[in-house]
Amino acid sequence: MLSEFDKALDRTNTNCEKWDNLMEVFGRDDVVPLWVADMDFASPPEIVAALAERVQHPTYGYTFASQSLREAAAGWVERRYGWEISPEWVVITPGVIPGLAMSVLAYTQPGDGVIVQSPVYPPFFEVVEDNGRRVLNNELKIVDGRYAMDWDDLQAKLDDGARLVLLCSPANPVGRVWTDDELARLSSMCAPREVIVASDEIHCDIVYPGAMHIPFGSVGQGAANRSVTLMAPSKTFNVQGLATSIAVIPNERLRDRFVRVRTGLGLGQGNVFGLAALEAGYGEGNAWLDRAVKYLEGNLRYLQDFAKSRLPGITVAPAEGMYVVWMDCRRLGRRFGLDADGLGDFFVNRARVGLSDGRMFGPGGEGFFRINIGCPRATLKEGLERIAEAIALGP
Ligand SMILES: Cc1ncc(COP(=O)(O)O)c(C=O)c1O
């Protein structure tokens, strides 16, 4: 059954950022695109059928988040994470980053400090700085080859007057799926000053054996009361272009403030196709997702084995979840006498692969590159072979 993911789909000429924007991003169009975080797989047939059915009715007027949609979302969260949520806690947003931005606007004032943990997805900085708040960067550290939170520095940032934490869980790009203990510790550190946590869990549905995703709001009553848990069908079912996500906000006061900001921005109106896809995915997408995760796990193992045997100087970080994987390329840079710019040039112009340069993820990202394994194995193999050949040619 997993062979469904081996099928190469031609995504060119579909206004596809990953495939149609190569010239603009990499300056050439012959790279194997292993960058922006969507998958080259068809979305689940259940979603395609729901969209096709909705398209058939030729009116696309104003819509709303129905009770059955909220129940589908709540059912998904309970089935997959054992977190019992009320459908009333579910607020629709036009994306997870909009949900983070709304949290910044709802729970902080201009000039307030907001904690982020780099290396992290770049909009985490933008939603803070572009809204006139201060980034307090609690940089992640590497302990015995694994990323961890720097608790002492976190305490210092909380003492510095932070009002909000933007948590990335699982952590893109470093590949951590935070444990119960880590989340509970974060929650208890935020409690004394009632610091709120907005937890971006967009990647949570793709987690590999050995790790278990725990929604932040499920960690305890304190966490539930002081958090916004942001989830989405987008990464899960490859429907990013439909711009429809959820925020789970158990606390009524926080929910009201969040909804007021959404209304104030004029973003209360849902997207008719996004909502249809969300309900179909959360309602019927379980089996497809389990198959997709199995396939991705195979890709991850392929990458890890390939890197060990054929990519000297590149170390793949342990990936506990997600289809974007963090690679430490600093040894390769040293061996080849390349700085971060040189490494970027090496991957694009010598290897001809399109990766995400770690520097875009903020402090701690230099010398790292992120690879997207959400593609047929043959595409991944082609990209990796190109890197291996370029390395074999020497500096
Ligand atoms: C951690 C993280 N958050 C959010 C997003 C994007 O969210 P959205 O498109 O729903 O705003 C991404 C996309 O790559 C991501 O990796």
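In what order do the 4 strands of the open sheet run, and is their pairing parallel or antiparallel? The order is 11-12-15-14, and the pairing is antiparallel. (Strands count as paired if DSSP finds at least two bridges between them; helices, H or I of at least four residues, and strands, E of at least two, are DSSP runs numbered from the N terminus.) At the edges sit strand 11 (315-316) and strand 14 (356-357), each pairing on one side only. Strand 11 meets strand 12 in the antiparallel sense over 2 bridges, and there Thr-315 stands opposite Asp-328 of strand 12.

A quick word on what you're looking at: this is a predicted model, where local features need pLDDT of at least 70, side-chain atom pairs count only at pLDDT 80 or more, and totals for chains, interfaces and linings use all residues. Residues are numbered from 1 along each chain as its sequence is written.

Now zoom out. The protein has 16 helices and 15 strands. Its radius of gyration, taken over C-alpha atoms, is 21 Å, close to the 21 Å that the globule rule (2.2 Å times the number of residues to the power 0.38) gives for 395 residues, so the protein is as compact as a globular protein of that length. Along the principal axes, the C-alpha trace spans about 60 × 55 × 35 Å. Buried residues (20 or more other C-beta atoms within 10 Å of their own, with C-beta atoms placed from the backbone) make up 49% of the 395.

An automatic or database assignment splits the protein into domain 1 (2-44 + 287-390) and domain 2 (60-284). Their centres, taken over C-alpha atoms, are 26 Å apart. The contact between them (C-beta atoms, placed from the backbone, within 7 Å) takes 29 residues from domain 1 and 31 from domain 2. On the domain 1 side, helix 13 (286-310) and strand 12 (324-328) each supply at least two residues, with helix 13 giving the largest share, 5 residues. That side divides into 19 nonpolar, 6 polar and 4 charged residues. (Ala, Val, Leu, Ile, Met, Phe, Trp, Tyr, Cys and Pro count as nonpolar, Asp, Glu, Lys and Arg as charged, and the others, Gly among them, as polar.)

Finally, the ligand. Of the 14 residues around it (C-beta atom, placed from the backbone, within 6 Å), Ala-37, Gly-95, Val-96, Ile-97 and Asn-172 come nearest. Helix 5 (residues 96-107) provides the largest share of this shell, 3 residues. By type, the shell has 8 nonpolar, 5 polar and 1 charged.

Technical notes. Contact = placed C-beta atoms within 7 Å. Buried ≥ 20, exposed ≤ 12 C-beta atoms within 10 Å, placed from the backbone.
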